[in-house]
Each structure stands twice: as C-alpha cells, then as structure tokens.
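Reader: I should be grateful for a close look at a single pocket, together with the parts of the chain around it.

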Amino acid sequence: MHVLYGNEIIEVTTFRSGSNDNSIQSRDGMLVRDNSYGTRIEEDSDRRDFTINAIYYDISDFSLIDFHGGLYDFNRGMIDIIGDPDKRYQEDPVRMIRAIRFKAKLGFKIAKRTEEPIARLSPLLLNISNARMFEEVNKLFLTGHGLQSFRELQHYKIFELLFPGQEEFISSEKYNSFIEYALASSDQRYLQQKRNKPHFLYTVMLWPKIEKILLTLKNRNLSNPSPKPLDALINAACEQALNEQYSVTAIPFAIMSDIKRLITLVYRITDDSLEASAIDEIAKQGLFRAAFDIIKLRAKFEPELIPYVKFWQHYYDEAQEKLLRQQQARAESAARREEKRRKRREKPKRKQDKNTGRQEAVSKKESTAGFDKDTSKERQERLARARAWRAAMNLDP
C-alpha cells in the first residue's frame, strides 16, 4: 500500500515468510511470484533487501528492532544488501535501482560487495515489467534528487538501459549539461513543494532523440510527392521515440498524449511563420507554461532560442498570474466550504451540550435518590455507571 504523507509516499507491506512453497523463479533466478505471507518478524527481516530497510519500530514500547546491523550501517551511511548480492539481485533486479536511488537521495555509499555485481547484472533490469520500471524511473527523477540520480545512473552505466537509443547523446557535453540543468530545476521545484510531472521529464529526456528522428522524417518528406504537414511529422517522430521507450517504461497513454502535445507546442512556439492570430491561442493552452519552460532551459545552451524566450516571456508571466489567481480563488472557495462544514458540525454540538446539561441534572437527582438505602456493592455499581456516562459525554476533565 502507498500511504501519502505530505510529499512523501510511505510504502506499507505485510510480513513475509521464509517459506519458498509459493515461489516461482525464471531461468535467470528472478522471482516471478513469491506470495508467502508470514507472521514472524525474524523471517520477514531476512526477506528485506538492505540492512537499513530491515529496522523495525515497535509502537507498543517505542523500541527499534534490528536483526542485520541496519542501525550500524545507517549511522555510517552505508547501503549493504542482506544475503548474497548476486542471488538477491537475480531474484529482483530492481534492487540495483533501489541501491542507486538510496545512494542519490541519502548521500550514502554502497558497500563494495553490494556494488560489485551491479555492472555484471544490470542487463537483468530489461527483464522487469515495463509498468514497474515506469514507477521506479519516476522515483529516481521526480522526488527531489533527480540530478544526483542521473549522475549515479551514468556512473553505473544504467541510464542507457532505462532510456534506450540515448547512447550517442550521452557522450555529448551539451546533452548532459542540458539534462543536468533541467533536473536541477526540477529538484528545486520539489523543494518548493511543487509537483514534477512525468510528461515534462520524458520530454526533456527524449528531446534530442525526437529531434534526430524528426530531422530524418523532414529530409524524406522533401522528396515526397504529397508532403505531410509539420504537425504530422512531429507526431510520427514522437510515436517512434515513445514506442521504443515503452518497451522499458510503460508510459500511460494519457501521459504519452501530453508528451506529444507538449513537443508540438514547443515547435509551434519557435515557428517563425506563426500567424499573429495564433499567438493568443497558444498562450491560453494548458501546456503553454511547460513548453515555455523547456524553451527557456534549452536557451541556456542554444543561444539562438533567446529571442523566442524574450518574445514569449510576457505571455508566460500573464499565464502565471492567471494561474495564481485561480489557485487563490480555489483556496478561498475551499476555506469557505470548510467554514460552512464547521458551522454545520457545531450546531448539533450546541444542542447536545444543552441536552447534556439537562441529562446531567437529572442523573445527579437519580444518583442520590435512595442512595443511603443501597448496599456498598450497589453504590459502587451506581458510581461506575455514572463515571462511564460522564466519560461518554466528555464531561470529565
């Protein structure tokens, strides 16, 4: 289960058993199914991936329980896998991604024995379901440590596995600088408690690839007796790049649609033949601000885009002001609704308080009537009932 706590997502799970009765493994040793639920904390701790993830908090006495030296590793900033590294990575290759993510997020080091197999076994990540990999990539890049995650993935030669077809760009200083600048901006947004969106991330990551595909399509289009419009070529380039990416990360259809619209908008913003009547229409589109942000990021490394940034800045500022007004209006509307709900809740409470006062007066009269005639046991029972009623009515201090 995913529990939302502010900007954090806390993953909650059941205890696992050490039994292998229900487990099914692939030929590579990957656990395809492993649903042995358990009740013993000792067995569950053996099933956790890293020592720092096998520290338990007992809410009954507020103690920490540690079977694998996780506290020691935590205090020295070390990520160490539980059990044999090769076997544990083969069981679930995503553990390699998790080790890298913890390193990027926490600034920890990966223990030598935990780090050594990653280079050899990283191709196993291609066996993981693309739906699961989509979630893992989002965790890497959208939660405030995207820049460091990018650097770590490059260090371990895993970035090109997650984003196929990027090998020729990854060696380019211009591409790396652009990605790092964009991710640093996204990390800053996260610190400001602003949401980072997957469609923006994938647009940034796939931009050079889509540009290259589009250039090829444009050149072919020149010799086409029935040339296609630019929007159709952009859509075709996006389709090709996204289909290749989908084999690794299952980008949901709605997000793919947003990526195509966003990239089309970026090209429209930089179209010199754009008619004046279309400018206001573009500025009103929901993805305009994201498109402008991409142009602004690229302009840092492509000076020829600076005039477009200057031209569209006014429209961007207006769109930002409009968004702030809308957010403020929504906040004020929510506050009014909450105030109405609070008043509705208070009305029955005031009635209840009046009734409670009358009930308390009657109860006092009843509790003293014939009290002297009661036996000691009956007195105690009557007092107990009175205390219980007062507690139920919240009358006790």
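Author: The account below begins with the pocket and then follows the helices and rings connected with this topic.

This is a predicted model, in which local features need pLDDT of at least 70 and side-chain atom pairs count only at pLDDT 80 or more, while totals for chains, interfaces and linings use all residues. Residues are numbered from 1 along each chain as its sequence is written, and side-chain values use heavy atoms, leaving out hydrogens and water.

The second largest pocket has a volume of about 1,000 Å³. A pocket here is an open set of points, on a 1 Å grid over the protein atoms alone, where a 1.4 Å probe fits and protein lies on both sides within 12 Å along at least five of seven lines. Its volume is the space filled by probe spheres set on the points, which are joined across faces, edges and corners. The lining, meaning residues with an atom within 4 Å of a point, comprises 30 residues, and those nearest the centre are Arg 189, Arg 195, Arg 289, Asp 293 and Tyr 316.

Four helices each supply at least two lining residues: H11 (173–191), H12 (198–222), H16 (288–299) and H17 (306–368). Helices are DSSP runs (H or I, at least four residues) numbered from the N terminus. H11 gives the largest share of the lining, 6 residues. By type, the lining holds 14 nonpolar, 7 polar and 9 charged residues; Ala, Val, Leu, Ile, Met, Phe, Trp, Tyr, Cys and Pro count as nonpolar, Asp, Glu, Lys and Arg as charged, and the others, Gly among them, as polar.

Between H11 and H12 runs a loop that contains Gln 193. The phi of Gln 193 is near 60°, a positive value in a residue other than glycine. Most residues other than glycine have a negative phi. Gln 193 is exposed, at 66% relative accessibility; exposed means over 50%, buried under 20% and partly exposed in between, with a 1.4 Å probe and protein chains only.

The helices are also joined by rings. The whole structure holds 18 aromatic pairs, that is, rings of Phe, Tyr or Trp (its six-membered ring) with centres within 6.5 Å, called stacked if the planes are under 30 degrees apart, edge-to-face if over 60 and tilted otherwise. One pair is Trp 207 with Tyr 267, which is stacked because the ring centres are 5.3 Å apart and the planes lie at 25°. Trp 207 belongs to H12 and Tyr 267 to H14 (residues 253–269), so this pair ties together parts 60 residues apart in sequence. Both residues are buried, Trp 207 with a relative accessible area of 3% and Tyr 267 with 14%. A further stacked pair is formed by Phe 292 and Tyr 316, 4.5 Å centre to centre with 25° between the planes. This pair links H16, which holds Phe 292, to H17, which holds Tyr 316, across 24 residues. Phe 292 and Tyr 316 are both buried; Tyr 316 is also one of the residues nearest the centre of the pocket.

H14, which carries Tyr 267, deserves a closer look. The 17 residues of H14 should span 24 Å at 1.5 Å a residue, and the end C-alpha atoms are 24 Å apart, which agrees; the expected span is 1.5 Å times one less than the number of residues. Among the buried residues of H14 are Ile 255, Met 256, Ile 259, Leu 262 and Tyr 267. Thr 264, also in H14, counts as buried at 18% relative accessibility. Although Thr 264 and Ile 234 are 30 residues apart along the chain, their C-alpha atoms are separated by 6.5 Å.
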